[in-house]
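Notebook open, model on screen. I am jotting down what I looked up, in the order I looked.

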Number of protein chains: 2
Amino acid sequence: MTDKKPDILQPVDDSARRLGKTLVRTARFASLATIDPLDGSPSVSRVSLATAMDGSPVFLISRLSGHFANLEADSRCSLLVGEPGKGDPLAHPRMTLIGTAENLSGTPARDQAKSRFLRRNPKAALYADFPDFAFWKFTTTRASLNGGFGRAYAVSASDLACPAAALESLSEIEEGAVAHMNADHADAVGRYALKAGAATAEGWRLATLDPEGLDMTSGDEVVRLWFDAPLMSAQELRPVLVALARKSES
Amino acid sequence: MTDKKPDILQPVDDSARRLGKTLVRTARFASLATIDPLDGSPSVSRVSLATAMDGSPVFLISRLSGHFANLEADSRCSLLVGEPGKGDPLAHPRMTLIGTAENLSGTPARDQAKSRFLRRNPKAALYADFPDFAFWKFTTTRASLNGGFGRAYAVSASDLACPAAALESLSEIEEGAVAHMNADHADAVGRYALKAGAATAEGWRLATLDPEGLDMTSGDEVVRLWFDAPLMSAQELRPVLVALARKSES
């Protein structure tokens, strides 16, 4: 019963899917609910957040913390993303994700997850390699999106899924492409940030990219620029970035 | 296992108790973890928050929402209070409360809870009396306070408890005393806010009071001024407020 009752739910449209994905892609942190294996009681804590390239939330937690032990005993958990701004906290969009989490230690996915995570949360480099810390990847089963009063949606995992065609090829070039853009095309990154809604073009760095868009950071701020259409291969990245930079100039 | 492992816990001292209570008393909203009765999975959502005079968190939720149905099926839940500021989200204090919640509808405590809640969250007056909305009171079983890296505490319900002597008599006069202070002593309220750490004395209103202090609001900001010692009766309120106003002038 985590979703709203059917009669007050809105139909899930592209705008709701885009809002839900944006909340996940731009979150710096989330609330994580786990279950205490001792008595089955729920427990909610804070985790810092990034995404895997496929859009799955990734968090970095310590074995010394309660949520780590809870997840080792029962991988079912929930994440809340989307922070309130001014006025009534409930007037601001947020999304409850329900699913399971997997410890990435010792898996091939760990290094890419770490690379993406640290580009989004550079200060976590201080402790990311401590032996008690591990990256965990969250897999969504279902979600409940609340866009503000009267705007509730039952969102499925497929509503939040990222088109898969370009994932593998983009994963191979992401780190190099991001470094190149920041080193040699900082002006274009600034224009992308403006196009994504930033107040100024100054100070932005490209943090992560995926088949559907670019996530940029400036201090604690995060903005996301959506591509007009998902990339079908890594070869499409360069022409899309060039076209976006040209469009942003005009 | 929600608390940190014993060997990394700090001993709970007065400063930790004060921090934990302040996080609860000044929270505008919280993350609420509940359990879905259908499959036992955890779910985390956002609620706006206030406190009962005894310090118990109070939230206002709709029967149309998932967390309401979850709590009706299983009253065990968890609240996360304390919001991140700049920089690493995990460097900022927060507290996980674990306990149970009770629907106050039809109980004598409901009206006082509503009065306090609306003085803290005035915009909720728009829907607080809708038939699908109800005030719920949270009772803490145990808590985990994280004051930032390396500052973890296992906090008990008694660590967070409010001295009880003045609760009943203060409850009787609170609404009138708050209205009087705001109407006739706005200058003193401004001085209390400054003493509590506000950047300016302008624009503050007294929202709620309790045996241990005053909570003041200005727009979305909340500050709390702690009394030097807990009140033992409502008769102590006036001389304490007068003395605080004088001390703040000098």
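**Helix H5 of chain B**

I started with a length check on helix H5 of chain B, residues 167–184: at 1.5 Å a residue its 18 residues should span 26 Å, and the end C-alpha atoms are 24 Å apart, which agrees. This is a predicted model, so every number in these entries is computed from predicted coordinates. Next I looked for a kink and got one: H5(B) bends by about 50° at Ile173(B). Then I asked which residues of H5(B) are buried. Leu170(B), Glu174(B), Val178(B) and Met181(B) came up, so a charged residue, Glu174(B), is on that list.

**How the two chains are related**

I superposed chain A on chain B. A rotation of 180° does it, with 0.0 Å of shift along the axis and an RMSD of 0.0 Å. The two copies are therefore related as by a two-fold rotation axis. I also wanted to know which residue of chain A comes closest to that axis. My note says Ala33(A), with its C-alpha at 2.9 Å. Both copies use the same surface, since 100% of the contact residues of chain A recur in chain B.

**The contact between A and B**

I pulled the residue lists for the contact: 44 residues come from chain A and 44 from chain B. On the chain A side, the elements that each supply at least two residues are strand E1 (29–35), strand E2 (42–51), helix H2 (66–73), strand E4 (76–81) and strand E5 (94–103). E2(A) gives the most, with six residues. I sorted this side of chain A by class as well and wrote down 18 nonpolar, 14 polar and twelve charged residues.

**Domains in chain A**

The domain assignment splits chain A into domain 1 (14–160) and domain 2 (167–249). I took the C-alpha centres of these two domains and found them 23 Å apart. How many residues are in contact across the domain boundary in chain A? I get twelve from domain 1 against 15 from domain 2. On the domain 1 side, helix H1 (14–26) and helix H3 (109–120) are the elements giving two or more residues. H3(A) gives the most there, with five. The classes on that side of domain 1 are one nonpolar, five polar and six charged.

**Spot check: Ser218(B)**

I clicked on Ser218(B), which sits in strand E9 (residues 213–218) of chain B. I count 19 C-beta neighbours inside 10 Å, so Ser218(B) goes down as partly exposed; buried would need 20 or more. Leaving out residues up to four places away in sequence, Ser218(B) touches Gly203(B) and Trp204(B). I also ran a distance to Ala164(B): 54 residues away in sequence, and 28 Å in space, C-alpha to C-alpha.

**Spot check: Ala188(A)**

Last one for the day. Ala188(A) is in helix H6 (residues 186–195) of chain A. Is Ala188(A) buried, exposed or partly exposed? With 19 C-beta neighbours inside 10 Å, Ala188(A) counts as partly exposed. Its contacts, again skipping residues up to four places away in sequence, are Met181(A) and Ala245(A). For a long-range distance I picked Val47(A), which is 141 residues from Ala188(A) along the chain; their C-alpha atoms are separated by 32 Å.

Conventions
Residues are numbered from 1 along each chain as its sequence is written. Chains are lettered from A and ligands numbered from 1 in the order in which they are written. This is a predicted model: local features need pLDDT of at least 70, side-chain atom pairs count only at pLDDT 80 or more; totals for chains, interfaces and linings use all residues. Two residues are in contact if their C-beta atoms, placed from the backbone, lie within 7 Å. Helices (H or I, at least four residues) and strands (E, at least two) are DSSP runs, numbered from the N terminus. Copies are superposed by least squares on the C-alpha atoms of residues with pLDDT of at least 70 in both. The expected span of a helix is 1.5 Å times one less than its number of residues. The bend at a residue is the angle between axes fitted to the seven residues ending there and the seven starting there. A residue is buried if 20 or more other C-beta atoms lie within 10 Å of its own, exposed if 12 or fewer, and partly exposed in between; C-beta atoms are placed from the backbone. Domain bounds come from an automatic or database domain assignment.
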